[in-house]
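Me: Could you help me take a close look at one part of a structure? I would like to understand its aromatic rings.

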Amino acid sequence: MKSLPFFCRGEVIRGFGRGSKELGIPTANFPDTVVDSLPADISTGIYYGWACVGNGDIHKMVMSIGWNPYYKNTKKSMETHVIHKFKEDFYGEILSVVMVGYIRPERSYDSLEALIAAINSDIEEAKVKLELPEHIKLRNDNFFTSTPSSSSALPTTTASTSQTIMNGH
(Lines give C-alpha, C1' and ligand atoms only; values in the text may rest on other atoms or scores of the structure.)
Protein backbone atom coordinates (compact mmCIF):
# COMPACT_ATOMS: atom_id res chain seq x y z
CA MET A 1 0.00 0.00 0.00
CA LYS A 2 1.62 3.17 -1.20
CA SER A 3 -0.16 5.31 1.41
CA LEU A 4 1.71 3.65 4.30
CA PRO A 5 2.88 5.01 6.55
CA PHE A 6 -0.37 6.92 6.96
CA PHE A 7 -0.70 9.67 9.56
CA CYS A 8 -4.07 10.76 10.89
CA ARG A 9 -5.63 12.35 13.91
CA GLY A 10 -9.10 12.99 15.20
CA GLU A 11 -11.30 13.23 18.24
CA VAL A 12 -12.11 9.96 20.01
CA ILE A 13 -15.84 9.27 19.79
CA ARG A 14 -18.10 6.63 21.32
CA GLY A 15 -18.35 3.51 19.20
CA PHE A 16 -20.56 0.47 19.59
CA GLY A 17 -19.35 -0.16 23.15
CA ARG A 18 -18.21 -3.71 22.42
CA GLY A 19 -14.42 -3.36 22.73
CA SER A 20 -14.14 -3.10 26.50
CA LYS A 21 -17.40 -4.71 27.54
CA GLU A 22 -17.78 -7.68 25.21
CA LEU A 23 -14.25 -8.32 23.97
CA GLY A 24 -12.16 -7.11 26.90
CA ILE A 25 -10.07 -5.19 24.35
CA PRO A 26 -10.89 -1.45 24.52
CA THR A 27 -10.82 0.56 21.31
CA ALA A 28 -10.79 4.24 20.46
CA ASN A 29 -13.02 5.17 17.54
CA PHE A 30 -12.49 7.89 14.96
CA PRO A 31 -15.42 9.96 13.62
CA ASP A 32 -16.85 9.38 10.13
CA THR A 33 -14.96 12.39 8.75
CA VAL A 34 -11.65 10.61 9.42
CA VAL A 35 -12.88 7.22 8.13
CA ASP A 36 -14.33 8.78 4.98
CA SER A 37 -11.03 10.54 4.24
CA LEU A 38 -8.86 7.41 4.04
CA PRO A 39 -6.94 7.01 0.77
CA ALA A 40 -8.43 4.49 -1.67
CA ASP A 41 -5.50 2.11 -1.31
CA ILE A 42 -6.01 1.73 2.45
CA SER A 43 -8.18 -1.38 2.26
CA THR A 44 -10.21 -2.86 5.05
CA GLY A 45 -8.34 -5.04 7.50
CA ILE A 46 -6.02 -4.96 10.46
CA TYR A 47 -3.12 -2.50 10.66
CA TYR A 48 -0.40 -1.81 13.21
CA GLY A 49 1.50 1.29 14.19
CA TRP A 50 1.92 3.96 16.83
CA ALA A 51 -0.66 6.00 18.74
CA CYS A 52 -0.69 8.97 21.08
CA VAL A 53 -3.62 10.31 23.11
CA GLY A 54 -3.44 14.10 23.48
CA ASN A 55 0.13 15.03 24.39
CA GLY A 56 0.70 11.72 26.18
CA ASP A 57 3.19 8.96 25.57
CA ILE A 58 3.42 7.12 22.27
CA HIS A 59 2.32 3.48 22.39
CA LYS A 60 2.07 0.56 20.01
CA MET A 61 -1.36 0.01 18.50
CA VAL A 62 -3.45 -2.22 16.25
CA MET A 63 -6.34 -0.84 14.23
CA SER A 64 -9.31 -2.44 12.55
CA ILE A 65 -10.63 -0.64 9.48
CA GLY A 66 -13.85 -1.96 8.02
CA TRP A 67 -17.32 -3.26 8.70
CA ASN A 68 -16.54 -5.79 11.46
CA PRO A 69 -18.12 -8.77 9.66
CA TYR A 70 -18.68 -10.72 12.89
CA TYR A 71 -21.08 -7.97 13.98
CA LYS A 72 -22.40 -7.29 10.45
CA ASN A 73 -21.92 -3.51 10.78
CA THR A 74 -23.40 -1.39 8.03
CA LYS A 75 -21.04 1.53 8.72
CA LYS A 76 -17.29 1.45 8.09
CA SER A 77 -15.23 2.24 11.17
CA MET A 78 -11.65 2.78 12.34
CA GLU A 79 -11.16 1.22 15.77
CA THR A 80 -7.76 1.62 17.42
CA HIS A 81 -6.59 -0.57 20.29
CA VAL A 82 -3.74 1.25 21.99
CA ILE A 83 -1.49 -1.39 23.57
CA HIS A 84 -1.41 0.26 26.98
CA LYS A 85 -3.55 0.20 30.11
CA PHE A 86 -5.23 3.59 30.59
CA LYS A 87 -6.72 4.56 33.96
CA GLU A 88 -9.86 5.99 32.39
CA ASP A 89 -11.69 6.53 29.11
CA PHE A 90 -10.45 9.31 26.87
CA TYR A 91 -13.53 10.22 24.83
CA GLY A 92 -13.17 13.72 23.40
CA GLU A 93 -9.36 13.60 23.44
CA ILE A 94 -7.37 13.81 20.22
CA LEU A 95 -5.92 10.51 19.05
CA SER A 96 -2.94 10.70 16.70
CA VAL A 97 -1.88 7.53 14.89
CA VAL A 98 0.60 6.46 12.28
CA MET A 99 -0.35 3.25 10.53
CA VAL A 100 2.90 1.61 9.46
CA GLY A 101 1.91 -1.86 8.31
CA TYR A 102 -0.85 -4.26 7.36
CA ILE A 103 -1.47 -7.52 9.20
CA ARG A 104 -4.45 -9.13 7.46
CA PRO A 105 -7.81 -8.58 5.80
CA GLU A 106 -10.94 -8.36 7.93
CA ARG A 107 -12.96 -11.54 8.26
CA SER A 108 -15.87 -13.01 10.14
CA TYR A 109 -15.58 -15.62 12.90
CA ASP A 110 -17.72 -18.52 14.03
CA SER A 111 -17.60 -17.45 17.67
CA LEU A 112 -16.78 -14.55 19.94
CA GLU A 113 -13.90 -16.61 21.37
CA ALA A 114 -12.39 -17.03 17.88
CA LEU A 115 -12.66 -13.28 17.27
CA ILE A 116 -10.96 -12.49 20.59
CA ALA A 117 -8.19 -15.02 19.84
CA ALA A 118 -7.60 -13.40 16.42
CA ILE A 119 -7.42 -9.91 17.94
CA ASN A 120 -4.96 -11.10 20.58
CA SER A 121 -2.85 -12.70 17.83
CA ASP A 122 -2.92 -9.39 15.91
CA ILE A 123 -1.76 -7.57 19.05
CA GLU A 124 1.17 -9.96 19.50
CA GLU A 125 2.15 -9.66 15.83
CA ALA A 126 2.04 -5.86 16.06
CA LYS A 127 4.27 -5.88 19.15
CA VAL A 128 6.91 -7.89 17.27
CA LYS A 129 6.74 -5.98 13.98
CA LEU A 130 6.94 -2.60 15.70
CA GLU A 131 10.37 -3.55 17.06
CA LEU A 132 11.80 -3.42 13.52
CA PRO A 133 14.15 -0.42 13.08
CA GLU A 134 12.13 1.04 10.19
CA HIS A 135 9.04 1.11 12.43
CA ILE A 136 10.74 2.31 15.62
CA LYS A 137 11.90 5.46 13.85
CA LEU A 138 8.27 6.42 13.16
CA ARG A 139 7.56 6.36 16.91
CA ASN A 140 9.74 9.47 17.16
CA ASP A 141 8.23 11.27 14.17
CA ASN A 142 7.58 15.00 14.64
CA PHE A 143 3.91 14.30 13.85
CA PHE A 144 3.48 13.28 17.49
CA THR A 145 5.18 16.36 18.95
CA SER A 146 2.52 18.63 17.46
CA THR A 147 -0.42 16.76 19.02
CA PRO A 148 -3.00 18.94 20.75
CA SER A 149 -4.14 17.74 24.19
CA SER A 150 -7.86 18.05 23.46
CA SER A 151 -10.26 19.24 20.81
CA SER A 152 -10.54 22.59 22.59
CA ALA A 153 -6.86 23.21 21.83
CA LEU A 154 -7.56 23.14 18.11
CA PRO A 155 -8.65 26.06 15.97
CA THR A 156 -12.41 26.43 15.90
CA THR A 157 -12.92 27.80 12.41
CA THR A 158 -14.96 24.78 11.29
CA ALA A 159 -16.72 21.92 13.01
CA SER A 160 -14.52 19.40 11.22
CA THR A 161 -11.20 20.93 12.28
CA SER A 162 -10.78 18.50 15.17
CA GLN A 163 -10.93 15.59 12.73
CA THR A 164 -8.24 16.83 10.38
CA ILE A 165 -6.50 14.18 8.33
CA MET A 166 -2.82 14.70 7.80
CA ASN A 167 -0.39 12.65 5.81
CA GLY A 168 3.04 13.71 4.80
CA HIS A 169 3.19 16.53 7.39
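Which residues do ring pairs link into a cluster?

Reply: Happy to help! This is a predicted model, in which local features need pLDDT of at least 70 and side-chain atom pairs count only at pLDDT 80 or more, while totals for chains, interfaces and linings use all residues. Residues are numbered from 1 along each chain as its sequence is written, and side-chain values use heavy atoms, with hydrogens and water left out.

The cluster you ask about is made of F7, F143 and F144, linked by ring pairs. Rings of Phe, Tyr and Trp (its six-membered ring) pair if their centres lie within 6.5 Å; planes under 30 degrees apart count as stacked, over 60 as edge-to-face and the rest as tilted. The structure holds four aromatic pairs. In one of them, the ring centres of F7 and F143 are 5.2 Å apart with the planes at 70°, so this pair is edge-to-face. F7 belongs to strand β1 (residues 6-11) and F143 to the segment after α4 (133-139), so the pair ties together parts 136 residues apart in sequence; helices (H or I, at least four residues) and strands (E, at least two) are DSSP runs, numbered from the N terminus.

F143 also pairs with F144: the centres are 5.4 Å apart and the planes at 65°, so this pair is edge-to-face.

Now for burial, where buried means under 20% relative accessible area, exposed over 50%, and partly exposed in between (1.4 Å probe, protein chains only). F7 is buried, F143 counts as buried at 1% relative accessibility, and F144 is buried at 6%.

Finally, R9 lies over the face of F143, 4.3 Å from the ring centre; a charge sits over a ring if NZ of Lys or CZ of Arg is within 6 Å of the ring centre and within 35 degrees of the ring normal.
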